[in-house]
Amino acid sequence: ILPTTVSLGIAFPLPTRCVQAALGAPAHSVAVATLSNTLGSVAGALGAAFLLLPWLGLQATFLSGAWMLAALALLAGTRSPHPQRLFGAILTGCVALTSFLLPGDALKRALYPKDYPNILYWGENSYGTVALIRHFDSYFLETSDELMVDGFNMAGNLLSARRYSVSLAAIPILWHPRAERVLVVCMGLANTLRTSLHLSPTQQ
């Protein structure tokens, strides 16, 4: 994370200096660079959320961002009179090109190295990655399904997970045992919804 954050931190002062070299006036140069940076941030956020992620998926979107940053580094390096910067830009481009060697499921394997063969479902969107994994739990001696979001366990059908998700519906129903309208806001394996339908005369 540290090299990425340092590099992105340099990404604003460097173009500001280039703009200042072209325009001359420091205040005007900072204003132009700040405006360009803000517009680029807005365009990048909207483009990634509504275009790149739905079309390419999470892994390809990350790689596309890396390639674009590498292309900008090459462009800046070729225009620099200092050979050290040119060498650094070429090295950055070469590192970015190695990403073509990554397999298409590299992100999935990185998040679930042990459970990769047991993935029943895998999906990507602007929120993140979602996976449904089935494996045998040696402690409870039963097969369990777990809903994972970005590598974190969000819900499951083990006894401990079911107790928690069932209580989300059972405790409110204790206060309203004759509830006819129920709103279930959750993300899981329908244990909470199943409990609310079973314990109350729900019509809607």
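This briefing walks through the fold of one protein chain, from its overall layout down to single residues. The model is predicted. The chain holds eight helices and four strands. Its 204 residues are 25% buried. The topics below cover the layout, the strands, the nonpolar core, two of the helices and a few chosen residues.

**Overall layout**

- Along the sequence, the elements follow the order α-α-α-α-α-α-β-β-β-β-α-α.
- That pattern puts six helices before the four strands and two helices after them.
- The accessible surface of the chain is about 14,300 Å². Carbon and sulfur atoms account for 68% of that surface.
- Take the contacts between residues at least 6 apart in sequence. Of these, 31% join residues at least 24 apart.

**How the strands pair**

- Strands E1 and E2 run antiparallel and are joined by five bridges. One place to look is Tyr 121, whose bridge partner in E2 is Leu 132.
- E2 also pairs with strand E3, which spans residues 142-149. This pairing is antiparallel too, with eight bridges.
- Two positions let you trace the E2 and E3 pairing. Phe 136 has Thr 143 in E3 as its bridge partner. Val 130 stands opposite Val 149 in E3.
- E3 pairs in turn with strand E4, residues 152-156. Four bridges hold this antiparallel match.
- Val 149 appears again here, opposite Phe 152 in E4. Val 149 therefore has a partner on each side: Val 130 and Phe 152.
- Two residues lie between the strands in the hairpin of E3 and E4. In this hairpin, Asp 150 takes a positive phi near 55°.
- E3 is mostly covered, with six of its eight residues buried.**The largest nonpolar core**

- Which residues make up the largest nonpolar core? There are nine: Leu 53, Leu 58, Leu 107, Tyr 112, Ile 119, Trp 122, Ala 131, Ile 133 and Met 148.
- Two strands each supply at least two of these residues: E1 (119-124) and E2 (129-137).
- In soluble globular proteins, nonpolar side chains tend to be buried together.
- Met 148 is one of the core residues. Leaving out residues up to four places away in sequence, Met 148 touches Tyr 112, Thr 129, Val 130, Ala 131, Ile 133 and Asn 153.

**Ala 131, a core residue in E2**

- Ala 131 sits in strand E2.
- Is Ala 131 buried or exposed? Ala 131 counts as buried, because its relative accessibility is 0%.
- Beyond residues up to four places away in sequence, Ala 131 touches Tyr 112, Tyr 121, Trp 122, Glu 146, Leu 147 and Met 148.
- Ala 131 and Leu 147 are 16 residues apart along the chain. Their C-alpha atoms are separated by 6.0 Å.

**Two buried residues with polar side-chain contacts**

- Asp 145 lies in strand E3. Its relative accessibility is 14%, so Asp 145 counts as buried.
- What does the side chain of Asp 145 contact? It makes a polar contact with the side chain of Arg 134, at 2.7 Å.
- Ser 64 is found in helix H4, which covers residues 58-78. Ser 64 is buried as well, with a relative accessible area of 14%.
- The side chain of Ser 64 reaches the backbone oxygen of Ala 60 at 2.8 Å.

**The last two helices**

- Helix H7 covers residues 159-175 and includes Tyr 164. Tyr 164 counts as exposed because its relative accessibility is 55%.
- Tyr 164 and Asn 191 are 27 residues apart in sequence. From C-alpha to C-alpha they are 9.3 Å apart in space.
- Helix H8 spans residues 191-199. Its buried residues are Asn 191, Thr 192, Thr 195 and Ser 196.
- Why do these residues line one face of H8? Seen down the helix axis, the buried residues fall within an arc of 135°, so they line one face.

Methods
Residues are numbered from 1 along each chain as its sequence is written. This is a predicted model: local features need pLDDT of at least 70, side-chain atom pairs count only at pLDDT 80 or more; totals for chains, interfaces and linings use all residues. Side-chain values use heavy atoms; hydrogens and water are left out. A nonpolar core is a set of buried Ala, Val, Leu, Ile, Met, Phe, Trp, Tyr and Cys residues joined through side-chain atoms within 4.5 Å. Buried means under 20% relative accessible area, exposed over 50%, partly exposed in between (1.4 Å probe, protein chains only). Contact means heavy atoms within 4.5 Å. Two strands pair if DSSP finds at least two bridges between them. The arc is that of the directions from the helix axis to the C-beta atoms. Accessible areas come from the Shrake-Rupley method with a 1.4 Å probe; for residues, only the protein chains shown count as cover. A polar contact is a pair of N or O atoms within 3.5 Å; within protein, one must be able to donate a hydrogen and the other to accept it, and residues adjacent in sequence count only if both atoms are side-chain atoms.
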